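Grab a pencil and work through these exercises with the structure open beside you. Each task comes with a solution, taken step by step.

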Amino acid sequence: MANKWICRKCGEELQTKKTLFEYLEHNFSEDLPRCPKCGKVFISSELALGRMTDVEEMLEGK
Ligand SMILES: [Zn+2]
């Protein structure tokens, strides 16, 4: 995907960085677009749904 993301608040171009996030009391690290100015992390609904499904399957598969 070559499309660029811009933070609506700051007008800064988002940078993809390894970002830690928490879900279901577990920590995950993913490459997510993040605003270098305000630090807001943007997760597309597609990514969120895809990842969360993976995570849930992973946890249930134990
Ligand atoms: Zn920002």
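**Exercise 1.** Work out whether Asn27 is buried or exposed, and find what it touches.

*Solution.* Step one: look up the relative accessible area of Asn27, which is 56%. Step two: hold that up against the cut-off; exposed means over 50%, so Asn27 counts as exposed. Step three: place Asn27 in the fold, where it sits in strand β2. Step four: skip the residues up to four places away in sequence, and you find Asn27 touching Leu20, Phe21 and Glu22. Keep in mind throughout that this is a predicted model.

**Exercise 2.** Do the same for Asp31: is it buried, partly exposed or exposed, and which residues does it contact?

*Solution.* Asp31 also needs a location, and that is strand β2. Its relative accessibility is 46%. Partly exposed covers the range between 20% and 50%, so that is the class for Asp31. Now for the contacts: leaving out neighbours within four places in sequence, Asp31 meets Thr16, Lys17 and Lys18. Take Thr16 as one of them: it is 15 residues from Asp31 in sequence, yet the C-alpha atoms are 5.9 Å apart.

**Exercise 3.** List the elements of the protein in order, and describe how the strands pair.

*Solution.* Start with the inventory: one helix and two strands. Reading from the N terminus, the order is β-β-α. Next, the pairing: β1 (residues 15-23) and β2 run antiparallel, joined by nine bridges. Want to check the register? Lys17 has Leu32 as its bridge partner in β2, and Phe21 stands opposite Phe28. Finally, look at the turn: the two strands make a hairpin with two residues between them, and Leu24 in that turn has a positive phi of about 50°.

**Exercise 4.** Find how far apart the C-alpha atoms of Tyr23 and Glu56 are.

*Solution.* Begin with Tyr23, which belongs to strand β1. With a relative accessibility of 22%, Tyr23 counts as partly exposed. Then go to Glu56, 33 residues away along the chain from Tyr23. The C-alpha separation of the pair comes out at 9.6 Å. For the wider picture, take the contacts in the protein with a separation of 6 or more: 31% of them involve residues 24 or more positions apart.

**Exercise 5.** Which residues hold the zinc ion, and what is the geometry of the site?

*Solution.* First, pick out the protein donors: the SG atoms of Cys7, Cys10, Cys35 and Cys38, at 2.3 to 2.4 Å from the zinc ion. Along the sequence these donor residues follow the spacing C-x2-C-x24-C-x2-C. Second, check the angles among the four donor atoms: they span 101 to 115°. Four donors count as tetrahedral if every angle lies between 85 and 135 degrees, so the zinc site is tetrahedral. Third, compare accessibility for two of the donors: Cys7 is buried at 3%, while Cys10 is partly exposed at 24%. And how many disulfides are there in the whole structure? A search turns up zero.

**Exercise 6.** Decide how much confidence the predictor gives this model, and where it is lowest among the elements.

*Solution.* Overall, the mean pLDDT of the protein is 79, and 79% of the residues score at least 70. Going element by element, helix α1 (residues 45-60) has the lowest mean, 70, and strand β2 (residues 26-34) has the highest, 83. Where pLDDT is low, the predicted coordinates should not be read in detail. One last figure for your notes: of the 62 residues in the protein, 19% are buried.

Technical notes
Residues numbered from 1 in each chain as written. Predicted model: local features only at pLDDT ≥ 70, side-chain atom pairs only at ≥ 80, totals over all residues. Heavy atoms only, no water. Donors = N, O, S within 2.8 Å, 3.2 Å for Na, K, Ca; no water. Tetrahedral: all angles 85-135°; square planar, octahedral: opposite > 155°, others 65-115°. Buried < 20%, exposed > 50% of the residue type's maximum accessible area, 1.4 Å probe, protein only. Disulfide = S-S within 2.5 Å. pLDDT = per-residue confidence, 0-100. Helix = DSSP H or I, 4+ residues; strand = E, 2+ residues; numbered from the N terminus. Pairing = 2+ DSSP bridges. Contact = heavy atoms within 4.5 Å.
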